[in-house]
Amino acid sequence: LFHRGDPDGSGDVGLSDALGILTLLFRGGPAPECMESADWTDDGSVDVADAIQVLLYLFAGGLPAAPPGLPGSPCASDPVGSAGDLGCAEYEGC
């Protein structure tokens, strides 16, 4: 179970979440325990678009994350083996 847009598992969406995604992608930083939580768009990959969507949401009134949604909504998961399933070993935000 997880929320999208909160790969650090803090229970909210913040700048650190976008920076964590960018660090993973461009600096080889650590992957989140729950890759699903970093896939804002639920397109089956974590890429720069996910970090941009977090920033747009935070600072420009961008669209909320794909289901199961942001912290504050019920925790959920993608079906194991589905196209969007990136794996979620652990997520502390639920």
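**View A. Asp39 and the residues around it in this predicted model.** Leaving aside its neighbours within four places in sequence, Asp39 is in contact with Arg4, Gly44, Ser45, Val46, Asp50, Gly84 and Leu86. If you are finding your way along the chain, look for Asp39 in the loop between H1 and H2. Its relative accessible area is 0%, which is under the 20% cut-off, so Asp39 counts as buried. For a sense of distance, take Asp39 together with Gly81: the two residues are 42 residues apart in sequence, and their C-alpha atoms are 15 Å apart in space.

**View B. Arg4 and two backbone oxygens.** Here we stay with one of the contacts of Asp39, namely Arg4. Arg4 belongs to the segment before helix H1 (15–27). Is this arginine buried or exposed? With a relative accessible area of 0%, which falls under 20%, Arg4 is buried. Its side chain reaches the backbone oxygen of Asp39 at 3.1 Å. A polar atom of the Arg4 side chain also lies 2.8 Å from the backbone oxygen of Pro67.

**View C. Helix H1 and its buried side.** H1 has 13 residues. From its first C-alpha to its last, the helix reaches 17 Å, close to the 18 Å expected at 1.5 Å a residue. Which residues of H1 are buried? They are Asp17, Ala18, Ile21 and Leu24. Because these residues cover an arc of only 125° around the axis, they sit on the same side of H1. H2 is included in what covers the buried residues of H1.

**View D. The other face of H1 and the residue that follows the helix.** Turn to the face of H1 that points away from its buried side, and you will find the exposed residues Phe26 and Arg27. Gly28 follows H1, and its phi is positive, near 70°.

**View E. The disulfide of Cys34 and Cys88.** This is one of the two disulfides that the structure holds. The sulfur atoms of Cys34 and Cys88 are 2.1 Å apart. The pair links distant parts of the chain, 54 residues apart: Cys34 is in the loop between H1 and helix H2 (48–60), while Cys88 is in the segment after H2. What is the handedness of this disulfide? The torsion about the S-S bond is about -110°, so the disulfide is left-handed. As for accessibility, Cys34 counts as buried because its relative value is 2%, under the 20% limit. Cys88, at 31% relative accessibility, counts as partly exposed.

**View F. The disulfide of Cys75 and Cys94.** In this pair the sulfur atoms are 1.8 Å apart. Cys75 and Cys94 are each in the segment after H2, and the disulfide links distant parts of the chain, 19 residues apart. With -100° about the S-S bond, the link is left-handed. Cys75 has a relative accessible area of 27% and Cys94 one of 45%; both values lie between 20% and 50%, so each of these cysteines is partly exposed.

**View G. The pairing pattern of the bonded cysteines.** This view brings the disulfides together, Cys34 with Cys88 and Cys75 with Cys94. How are the bonded cysteines paired when they are numbered in sequence order? The pairing is 1-3, 2-4.

Technical notes: Residues numbered from 1 in each chain as written. Predicted model: local features only at pLDDT ≥ 70, side-chain atom pairs only at ≥ 80, totals over all residues. Heavy atoms only, no water. Helix = DSSP H or I, 4+ residues; strand = E, 2+ residues; numbered from the N terminus. Buried < 20%, exposed > 50% of the residue type's maximum accessible area, 1.4 Å probe, protein only. Polar contact = N/O pair within 3.5 Å; in protein donor to acceptor, adjacent residues only side chain to side chain. Disulfide = S-S within 2.5 Å. Expected span 1.5 Å × (residues − 1). Arc of directions from axis to C-beta. Contact = heavy atoms within 4.5 Å.
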